[in-house]
Amino acid sequence: MKNFLVKTIANAGALAVAVWLLDKITLTGDSTGKEIGTLLLVALIFGVVNFLVKPVVKLLSLPLLILTLGLFTLVVNALMLLLTSWLADQFDLSFHVEGFWTAVLGGLIVSVVSWALNVILPDGD
């Protein structure tokens, strides 16, 4: 449970950095508290998407992953971010990613920052 919480916080931090760096990834709210709550809910959705959907997509795109020497992972990460944005919209959360190329760059930022935060933050083991 502690490991899940740490990963969710790391995802929230990574998504916050992507929102901060890219103008076309937006997170709006009436107050800072609501923005933080929305960010945590979006991080939770992002974690569930990465846990359930991403392995299936990676398995189905394995030939492309091999052919591109893993660079297709950027496209998979972008699709997961776009799916998260769509799901956030379905849950009436104010998080939006505008466009595929923004999602590619956002996915790259989220991946790097999430990796760095997971190295720094303690895990639950």
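**View 1. Ser61 is a buried loop residue.** Ser61 has 8% relative accessibility, so it counts as buried (under 20% relative accessible area, with exposed over 50% and partly exposed in between; 1.4 Å probe, protein chains only). The model is predicted: local features need pLDDT of at least 70, side-chain atom pairs count only at pLDDT 80 or more, and totals for chains, interfaces and linings use all residues. Residues are numbered from 1 along each chain as its sequence is written, and side-chain values use heavy atoms, with hydrogens and water left out. Ser61 sits in the loop between H3 and helix H4 (62-67). Helices (H or I, at least four residues) and strands (E, at least two) are DSSP runs, numbered from the N terminus. Ser61 touches Phe72 and Val76, leaving aside residues up to four places away in sequence. Contact means heavy atoms within 4.5 Å.

**View 2. Helix H2 has a buried side.** H2 runs over residues 32-52. Its 21 residues should span 30 Å at 1.5 Å a residue (1.5 Å times one less than the number of residues). The end C-alpha atoms are 30 Å apart, which agrees. Buried in H2 are Thr38, Leu39, Val42, Ala43, Ile45, Phe46 and Val49. They cover an arc of only 165 degrees around the axis, so they lie on the same side of H2. The arc is taken from the directions from the helix axis to the C-beta atoms. On the other side of H2, Gly33, Phe51 and Leu52 are exposed. The cover over the buried residues of H2 includes helix H1 (2-21), strand E1 (25-27), helix H3 (54-60), helix H5 (72-90), strand E2 (95-97) and helix H6 (100-120).

**View 3. The largest pocket holds about 370 Å³ of space.** A pocket is an open set of points on a 1 Å grid over the protein atoms alone, where a 1.4 Å probe fits, with protein on both sides within 12 Å along at least five of seven lines; lining residues have an atom within 4 Å of a point. The lining has 21 residues; Lys7, Asn11, Phe46, Gly47 and Asn50 lie nearest the centre. H1, H2, H5 and H6 each supply at least two lining residues. H2 gives the largest share, seven residues.

**View 4. Ser85 is a buried residue of helix H5.** Ser85 counts as buried because its relative accessibility is 4%. Ser85 touches Phe95, His96 and Val97, again leaving aside residues up to four places away in sequence. Ser85 and Phe46 are 39 residues apart in sequence, and 8.8 Å apart in space, C-alpha to C-alpha.

Note on methods: Points joined across faces, edges and corners; volume = space filled by probe spheres on them.
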